[in-house]
Amino acid sequence: MSDLKKLFTEKAELVSAKVTSIKSMDEAFAYAAKYVAAKSPCELLIPSSPDAVQPEFSDEKILAAPELSDDQYAALAKACEGTSVKLIKSGMRGYMAGIDAGFTIADGGLCDTGSIVQQSNGEELRLATMVSETHIAVLSVSSLYEDSIAAEKLLLDLMDGVAYTAFITGPSRTADIERTLAIGAHGPLELHILLLED
Amino acid sequence: MHNANNLKEYREDMQEALDNEFLRKSMDAFAVGYRINRAKAFADINEPVLIKQIADCKDYAVKNNAALLKQFTEEAEKRGVHVHLAKDAEEANALIAKIAKDNNVKKIIKSKSMTSEETLLNHYLEDEKYEVVETDLGEWIIQMRHEGPSHMVMPAIHLSRYQVQDLFSARTGRELEPDPEKLTKVARQELRRDFADADMGISGANFCVAENGHIGIATNEGNARLTTTAPRIHVAIAGIDKLVPKLTDALTALKVLPRNATGQTLTSYVTWIGGANECAIAEDQKKEMHIVFLDNGRSKIAEDEMFSQIFRCVRCGACANVCPVYRLVGGHKMGHIYIGAIGLILTYFFHGEEKAKNLVHNCINCGACKSICAGGIDLPGLIKELRARINQDSGMPIETTLLGKVLKNRKLFHSLLRFGKWAQTPMKKGPYLRHLPLMFMKDQGFRSFPTIADKPFRDRFSEIKPMVHNPKHRVALFSGCVQDFVYPEQMEAAVKVMARHNVAIDYPMEQSCCGLPVQMMGEKQVTIDVAKQNVDAFEGTNCDYIVTLCASCASHLKESYVELLEGDRDYKEKVKRFSAKIIDFSSYVHDVLGVTTDDFNKSDEKVAYHSSCHLCRELKVIEQPRNLIDMAGEYAPSAEEDVCCGFGGTFTVKFPELSSTLLDKKLTNIEATKAKRLVADCPGCLLHLRGGSNVRENGMKVTHIAELLAENLK
Ligand code: SF4
């Protein structure tokens, strides 16, 4: 394992991210489909606002994958076929109550803190990664940087023009009640990082 | 929020905090846990280098603030953002209310922002009939309780899970369990609808990056990301001090900020927003984004040579995390809106002298905050200076003026001390006073007071002065008032140890009190006058070193004198020579004389050590005393050795309740080592520790480290 990959994995796991090595995007799609199908159904938070689309969560599990290319989306859809997973790519505002998982591709990784860097200019992507119970992100080993300073050029490029960029380090958490760590404050309860060897 | 009108009311407030057992326990656990986590987080980080980088960048940003604001504004406007500058809190609040009105807003969600706390934005918006919901869990909790934050990073740190349980049960109408994880889920659920329904989101900003018009926000919960995504309008409010030139500046500060705040390497989310992003529910599919920069006196402070360093603050809250006073009373008493060491200072500038005048006295000057600050701010130095400014504005309290007058006149001061010896006779009980003169009596019973010695050190010196031919160095002694008049035997012990090593020793008679006590009271002119007297007293001695047995004197003589006399042409050079020669006793015998185990008969006595604040943090003398102890006896380490004993000179008189609580903790830790001997390097600490041990009747022998060495000399 390369040093950066090793360091990234170690640091990401320290902040309770789940890191898995994969060899191809197909593996990533299969991982997501299988994981969501096996996952216990998402705990609905609110019946959203009354006039919003009321999500039907009875047997289906929702996997959102905005901003994939058409080919990628088709491949993911194929992986979800025949499972209880319903794949969507938009309309996230109708699902403010929560979905099972959001599937994204990260733009970079910061090894010293085990963070993924993700340009999230699109609203669908941002919401998908926030209201999902699990965020599954694919990260190429070739886009790992030692730390944020080393990634400066990438970051400045991502922030060119109107932009919204995130460093995401582990699942959402809080320690505001008696300083006791609680996972999943407002965002995902789990962060899965699929490290793609490329 | 701090609202006491005078020191007396403020003391009552603090008593209330001291009586809150949950708070005390919880803060203790936090303080101990924090140290461990922080140390781990910094393990592979070059802390001083990073802190210096942050300080330099922030200093640059303060000096070039107007240009950075201009650059930021251009970049942000290019990206469709409306940028505003508000001169004060009222203007900022009005601006934000107007944005809400113009956009027909009803519900507002907020992601944590200290700047909006500073302007009391929520009150303003609620008065204008907007529904405002805080979405950070801690903020949401205190919003429901109608309280201010008690910590900058953990706003609800003062509350127990049971209090949160009650609060949430009342809100949801369900009987909830006191389980933080489950309670967090409740907040997740309750707040989700607010995210969905809100028209406007308000956030703070940790950084405003001029080069690309981006703001950076660090959160753990992810609420900032939702707050800035779901509603159609986003307003960020930030002090102008949040401007930095480049992204790398922000990235550098981000290496320290979370590590210093909570011991995390990075918060779960760092969100960089540059411009009016996509928003499906907006008419043109674009979010309306505003940034309100708040001045509120900042540009004026930026011109203040001494205080402009407060803008190095990254609001990590670490100065509170390590403050022993904050640990006892919590943020509602140790601050107004901003809390901890930086809070005392910011309160003065942002909320006025009236709010700050009691708070600034509640600094014990232990230096813990300075040693941990992410921006390398000299917090205790600034707090001392604030006292002086407040005193100047409001007139000195009578005791301060009196002490000032006395101290300015060395002869008068010393005659009074000599007179004290006679005056105390009817109250003596062995080496302690049986009871204290009335003016000192109040609430000081937790500790016995020593009596004034029969003969001060200055009168004994000629008898014990060693005769040395061909000395290897010449040393002049600085005794400080306590060792001169109360504990001359400590000085004698030091002379005995040094005399073995062929050192010529001198004691200039014109020396006086070092002046730290009057500086702590805010008497700046007297501090300067006394400093000059001492510099003059040693100028003629032709010595290589000036050795002092008092850590507080040493740090004051070495660090503060140069600053105090810098502006004085006649003293500028003299004081540099003087300060360069100052050395504390332990460093002198350990590093310069190079004593070894061979100099001592190592006893098997277990000896505990109290690491005095001014020695370990200000002068960074850590190993020397411990090595010396191990040469003469068995060093028995105790828990929290370098936490302040609670003396702090005038602090112990002003806040006896706090002082005695700190002393109790200290002695409890020391007693746990089972040692029956305790040494320290500072007569103030010794007075306090010895007096406390006497009242506790713990049988502890409390002495200066010089006495331990002298007793075991071969
Ligand atoms: S003054 Fe220093 S330690 Fe205190 S909050 Fe600011 S940066 Fe942190």
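Two strands count as paired if DSSP finds at least two bridges between them, where strands (E, at least two residues) and helices (H or I, at least four) are DSSP runs numbered from the N terminus. What you have open is a predicted model, in which local features need pLDDT of at least 70 and side-chain atom pairs count only at pLDDT 80 or more, while totals for chains, interfaces and linings use all residues. Residues are numbered from 1 along each chain as its sequence is written, chains are lettered from A and ligands numbered from 1 in the order written, and side-chain values use heavy atoms, with hydrogens and water left out.

**Stop 1: a pairing across the chains.** Select strand 9 of chain A and residues 269-274 of chain B, which form strand 9 there; 6 bridges join the two, and they run antiparallel. Pick A:Ile168 and look across: its bridge partner is B:Tyr269.

**Stop 2: the rest of the interface.** Now show every residue in contact (heavy atoms within 4.5 Å). You should get 64 residues from chain A and 70 from chain B. Together the chains bury about 5600 Å², 55% of it on carbon and sulfur atoms; buried area here is the accessible area (1.4 Å probe) that two parts lose on being put together, summed over both.

Polar contacts are pairs of N or O atoms within 3.5 Å; within protein, one must be able to donate a hydrogen and the other to accept it, and residues adjacent in sequence count only if both atoms are side-chain atoms. The interface has 35 residue pairs of this kind, both residues at pLDDT 80 or more. On the chain A side, the elements that each supply at least two residues include helix 4 (123-131), strand 7 (132-140) and helix 5 (152-158). Helix 4 gives the most, with 7 residues.

**Stop 3: salt bridges.** The rule wants a side-chain nitrogen of Lys or Arg within 4 Å of a carboxyl oxygen of Asp or Glu. It finds 4 across the interface and 58 in the whole structure, over all chains. Zoom in on A:Asp147 and B:Lys255, whose closest N and O atoms are 2.4 Å apart. Then go to A:Lys39 and A:Asp100, a salt bridge at 3.0 Å, N to O. This pair links distant parts of the chain, 61 residues apart.

**Stop 4: the ligand.** Display the 13 residues around it, with B:Cys313, B:Cys316, B:Gly317, B:Cys319 and B:Cys373 the closest (a heavy atom within 4 Å is the cut-off).

**Stop 5: a sheet in chain B.** Finish with the open sheet of 4 strands, order 18-17-19-20, paired in parallel. Strands 18 (634-635) and 20 (701-704) stand at the edges with a single partner strand each, so one side of each has no neighbour in the sheet. Inside, strand 17 (606-609) pairs with strand 19 (677-680) over 3 bridges; select B:Ala608 and you'll find B:Leu678 opposite.
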